[in-house]
Amino acid sequence: MEPKYDESIRKGDNVSVEKPRGTLGSALTRLRAKLPPSLLVYVLFCAFGMGSWVAINGIWGEISILVQTLPECDRLPSILVVIIQLANVGPLLYTATKAVFAHRRWNQYHLEVVTVAILVLVGTSACILLALFWSRTAHIFGGPHAVSLITLTFLLATVDCTSSVVFFPFMRHFHKDYISALYIGAGLSGVLPSAVALAQGFVKYGEGCPGTYPGYAALGINFSPAVYFVLLTLLTLVCGAAFVLINVLPVVHKQMVTTPAPSSDVQQAERERKEGEEPAAAVSSIVPLLAKLVKSKFTLLLCLAVINFVSNGALPAISAYAFLPYGNVYYHTGVNLAIITSPMASLLHLFLPSGSEAPLVILTHLSAFLASYVLMIAMMYPQPLLVGHTAGGVIIVLANIAISAMIAYIKVGVTVQLHSYSEKNLALTVGGVVNQLGSLIGAMLFFGLVNYTDIFEH
């Protein structure tokens, strides 16, 4: 049996502690009550959570340089968007594996530990290969293509997509005070790579897209993409080191909650018998619940579909066409500031909660309006409004940042309201499905528009 977190120590039920007196003492008492049981464990979970999506966020932070050094040029973002969506095969495989092991004696905790270890190992290895071979191309389909980058992006996206369905369930083995640490780490997975990308600088020299990498000095950036991807590798190693410490340090084990004891042979056989009889009944009972959910939360689910269509499909795919006419500095800065802004906007919901559907609907309309402006600018490539003027670049950057912030806030708001629904497990599952469908439809649609039509190239 796993060690049990001792709630009495936190509350001071069995420990004689002199209570501070006065206003200052009361404030210190309230502050101490809000602190996690162990600051070291909290920091470890922050570092562990940083491993979720750090690789893909890192690749997007470098996208303004990649589109000008690889043969796909402006079409590269639309290709990567589809590759990332196809990587959802990872969560599907993990879910199938989990279902298989649900009928075995092997503890689900051990399955999660092994899965996380594999994800960290594969992610770190892929980042190392990315640092070594990111610029390698191969002549296929009648021309050169960035096969190394695209293949490794698929591998890293598979790791990051799978981490979303492994990391958070893994937290159920620990005290609830550490869940927020994982969210903070997930936010840092976008902030830290973008901060490094901003320090790297933007492409200052060169016209058009030569399709080859001439060296970082020739581009006018402070260090090469290879160095950037090495730093990305270090961030994944930090996640791996934190995970190892979480599993070996006694101070972490003290923060674990009790895990259920293995069931007896009779209980196991009875459960398997019931599981074999229940699927048909479960399907028939879930249909009316699903219909009720869609009817009552249709507006929220529609908002969720729209913002994921925009943020994970449409806008990333056309980013090069919207930004590059104004200059590399706007592309590089706009993309990375938007990534940094997203977790900050998510945190804003803690202090300014939406409260109802109305604010979320209004923000969805505003984000869709700004996204329409970005789409219009991309369709006017290479001579959009205010091209050659500072105002044009500033407006497109601010629009991108505003869209990112509003969408992040909407996602948190919708998730909170789905969580408060009577059938919250069903509501959150449906929300996840809508999330992926919106992203997939947006990615596939704009991949086709960018690569098989001339809408964005005149």
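What share of the 458 residues in the protein chain is buried? Buried residues make up 46% of the chain. Keep in mind while looking through these views that the model is predicted.

**Figure 1. The whole chain, built from 20 helices and 2 strands.** Start here to get your bearings. The protein chain exposes about 22,600 Å², and carbon and sulfur atoms supply 69% of that area. Take the contacts between residues at least 6 apart in sequence: 82% of them join residues at least 24 apart.

**Figure 2. Where the predictor is sure of itself, and where it isn't.** Mean pLDDT for the protein chain comes out at 84, with 84% of the residues reaching 70 or more. Helix 18 (residues 357-379) has the highest confidence, at 96, while helix 1 (residues 7-11) has the lowest, with a mean of 45. Over residues 7-20 the pLDDT stays under 50, and the model gives this stretch 13 contacts beyond four places in sequence. Residues 260-266 are also below 50; here the model has 5 contacts beyond near neighbours in sequence. A word of caution: where pLDDT is low, don't read the predicted coordinates in detail.

**Figure 3. A nonpolar patch on the surface.** Five residues, V227, V230, L231, L234 and L237, make this patch of about 380 Å². Look for L231 in helix 12, which covers residues 225-248. L231 counts as partly exposed because its relative accessibility is 32%, between the cut-offs of 20% and 50%.

**Figure 4. W53, a residue with a positive phi.** Most residues other than glycine have a negative phi. W53 is not a glycine, yet its phi is about 70 degrees. You'll find W53 in the loop between helix 3 (39-49) and helix 4 (54-61). With a relative accessibility of 27%, W53 counts as partly exposed.

**Figure 5. C73, with a positive phi and a buried position.** The phi of C73 is about 55 degrees, although C73 is not a glycine. C73 is in the loop that runs between helix 5 (63-66) and helix 6 (76-86). Is C73 buried or exposed? C73 counts as buried because its relative accessibility is 16%, and the cut-off for buried is under 20%.

**Figure 6. A cis peptide bond from Y381 to P382.** Most peptide bonds are trans. The bond from Y381 to P382 is cis, and its omega is near 5 degrees. To find P382, go to the loop between helix 18 and helix 19 (390-419).

Notes
Residues numbered from 1 in each chain as written. Predicted model: local features only at pLDDT ≥ 70, side-chain atom pairs only at ≥ 80, totals over all residues. Heavy atoms only, no water. Patch = residues over 30% accessible without salt bridge, like charges linked within 9 Å, V, L, I, M, F, W, Y side chains within 5 Å. Areas by Shrake-Rupley, 256 points an atom, 1.4 Å probe, with all protein chains shown as cover. Salt bridge = Lys/Arg side-chain N within 4 Å of Asp/Glu carboxyl O. Helix = DSSP H or I, 4+ residues; strand = E, 2+ residues; numbered from the N terminus. Buried < 20%, exposed > 50% of the residue type's maximum accessible area, 1.4 Å probe, protein only. pLDDT = per-residue confidence, 0-100. Contact = heavy atoms within 4.5 Å.
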